[in-house]
Amino acid sequence: MANQEDRFKKVISHAKEYGYVFQSSEIYDGLSAVYDYAQNGVELKNNIRDYWWKAMVQMHENIVGIDAAIFMHPTTWKASGHVDAFNDPLIDNKDSKKRYRADVLVEDHVAKIEGKINKEIAKARKRFGESFDEEQFVTTNPRVVGYMEKSEIILKRLAKSLEDEDLADVKALIEELGIVCPLSGSKNWTDVKQFNLMFGTKLGASADSAMDLYLRPETAQGIFVNFLNVQKTGRMKIPFGIAQTGKAFRNEIVARQFIFRMREFEQMEMQFFIKPGTQKEWYEHWKEERMKWHLSLGLGEENYRFHDHEKLAHYADAATDIEFKFPFGFKELEGIHSRTDFDLAQHEKYTGKKLQYFDHEENKSYVPYVLETSIGLDRMFLAVFSNALQNEELENGTTRVVLKLPSVIAPTKAAILPLVKKDGLPEIARKIVEDLKWDFNVQYDEKDAVGRRYRRQDAAGTPFCITVDHDTLEDHTVTIRERDTMEQKRVPISQLKGLIKDQVEVKNWLMRMRS
Ligand code: GAP
């Protein structure tokens, strides 16, 4: 656990030190759960967004994109169910006056029990050495079996009381488990209450005529309300999709995991409109397709898993999460939801307008069903960034910090380094920069010894370093050093563009989805 925490702290400090992510309004001591993307961060974020957009929109003839406004007519959120049902169960500690998510308090309690299980496993592994069989141990050791049963009972009861909206039972569970406030150590709890996660604001100048608005908590509704506009103007035939990326806002109460859970974040969503009755096959299709997209980036198959939902959101008839192994364990990265006709039917009801599709093959109109893929851009950023950050032991006994970002999304593709700041080498290096910058984001760096410059670029995530030395003056060749293997090759300057392009081109990475 301490190890995980240390690793996560390193991710956060590296993100700051190398210009990826800053705390918002840091000089005012920051704003909780709000972050700014810095000079490298914005490039990485743009590249991830672009990689998603190309895979979803450019590569699918039947998927188009839109960019809907953040402000929407407030009735949208009544229709979507967010006004009534987009809530978290909260509880206050009367002594510390601190507010918590009641379900998270219980889940943290269960995590402590799981910590005890892990300790027992570690102890037994030490005791039995090579012959240790973990599976047999966890299914037979009475103490571990007891802990596991206890965790399961607690989580089942929590799920049931949340499902039944029995908030009194959630409080009773907290009391029975003897959960104390992490700050005051007291058990002096208020009742559990539902708290709506939407941020409200006002449209209009005068107090009496102002209209209550919400900052959208998901981008999806901007797609639903435009469904017919896009279908008609784009002459789209079912099945077809509408994709969108953009900001969403949620007044998260538990927001302590850096950019994993933010109050202002960005989503990349796609609603796929289908014939009712075909949702199961499209659900399976998009599960597979989205997993392939993730795997194409090469972060390691073992770092992903599906987690099917037992408790479904108010709009879904099936749902799964693609979970990723973040530094703090497996957590949701993307959601795939079979949303039925809930949203379109609700908007029909609240607007009194038909949101139907005339199916020429079936010769009838219907409200389409919807399959949604929804991924947090910031979470994807954290997945990529935390996976990439490595402390590597080298053969000569030294270590290096290296950010092994997939080169297709790395902020800077190559750094051009004159070996020394004289003898005409900087001029050649500048010329290479001038030539390459039309195609790639490249950087010129002449400060410090070349070894230090390599380390700096390794830590910043730059996949290639190109060094101009005295031989370059004679034969117009340079060395190109690869970040991950540290291998160096001598190549003619004229071949640089082709070599880099081959490694960073979106096409070459997305093609992996087909293998
Ligand atoms: N339209 C469906 C929807 O919004 P969701 O599961 O609530 O579903 C989808 O959110 C994705 O958005 C999540 O899988 C996660 O990646 C991202 N997300 C949700 N809340 C977030 C937050 N507070 N901070 C960062 N990302 C968040």
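Where in the chain is the place of Asp 448? Asp 448 belongs to the loop between strand S20 (442–444) and helix H15 (450–460), where helices (H or I, at least four residues) and strands (E, at least two) are DSSP runs numbered from the N terminus. Before I go on with that loop, a word on conventions. What we have here is a predicted model, in which local features need pLDDT of at least 70 and side-chain atom pairs count only at pLDDT 80 or more, while totals for chains, interfaces and linings use all residues. Residues are numbered from 1 along each chain as its sequence is written, and side-chain values use heavy atoms, with hydrogens and water left out.

Back to the loop, then. Asp 448 has a positive phi, near 75 degrees, in a residue other than glycine, and with a relative accessible area of 28% Asp 448 is partly exposed; by the rule used here, buried means under 20% relative accessible area, exposed means over 50%, and partly exposed is in between, with a 1.4 Å probe and protein chains only. Asp 423 also has a positive phi, of about 65 degrees, although it is not a glycine, and its place is in the loop between strand S19 (414–418) and helix H14 (425–436). At 44% relative accessibility, Asp 423 counts as partly exposed. A further backbone point is the cis peptide bond that joins Ile 238 and Pro 239, with omega about 5 degrees, and Pro 239 lies in the loop between helix H10 (227–233) and strand S9 (240–249). As background, most residues other than glycine have a negative phi, and most peptide bonds are trans.

For the overall frame, the protein chain has 515 residues, of which 49% count as buried, and its secondary structure comes to 18 helices and 23 strands. The C-alpha atoms fill a box of roughly 80 × 70 × 55 Å, taken along the principal axes.

Let me turn to the ligand. Which residues are the closest to it? Of the 21 residues that surround the ligand, the closest are Glu 218, Met 262, Glu 269, Glu 332 and Leu 333, where a residue is taken as near if one of its heavy atoms lies within 4 Å. The shell divides into 6 nonpolar, 5 polar and 10 charged residues; here Ala, Val, Leu, Ile, Met, Phe, Trp, Tyr, Cys and Pro count as nonpolar, Asp, Glu, Lys and Arg as charged, and the others, Gly among them, as polar. Strand S13 (329–340) is among the strands that each supply at least two residues of the shell, and S13 gives the most, with 6 residues.

Two residues of S13 deserve a closer look. Glu 332 lies in this strand and, at 32% relative accessibility, counts as partly exposed. Arg 339 lies in S13 as well, but is buried, with a relative accessible area of 0%. The side chain of Arg 339 makes polar contacts with the side chains of Glu 218 (3.3 Å) and Glu 372 (2.7 Å), a polar contact being a pair of N or O atoms within 3.5 Å; within protein, one atom must be able to donate a hydrogen and the other to accept it, and residues adjacent in sequence count only if both atoms are side-chain atoms. A polar side-chain atom of Arg 339 also lies 3.3 Å from a nitrogen atom of the ligand, and a ligand nitrogen is 2.6 Å from an N or O atom in the side chain of Glu 218. The protein covers 92% of the 560 Å² of accessible area that the ligand has on its own, with areas from the Shrake-Rupley method and a 1.4 Å probe, and, for residues, only the protein chains shown as cover.

Finally, the aromatic rings. Rings of Phe, Tyr and Trp (its six-membered ring) pair if their centres lie within 6.5 Å, and planes under 30 degrees apart count as stacked, over 60 as edge-to-face and the rest as tilted; by this rule the count comes to 24 aromatic pairs. The rings of Phe 272 and Trp 286 have centres 5.3 Å apart and planes at 65 degrees, so this pair is edge-to-face. Phe 272 is in strand S10 (residues 264–274) and Trp 286 in helix H11 (residues 279–296), so the pair ties together parts that are 14 residues apart in sequence. Both rings belong to buried residues, Phe 272 at 1% and Trp 286 at 1%.
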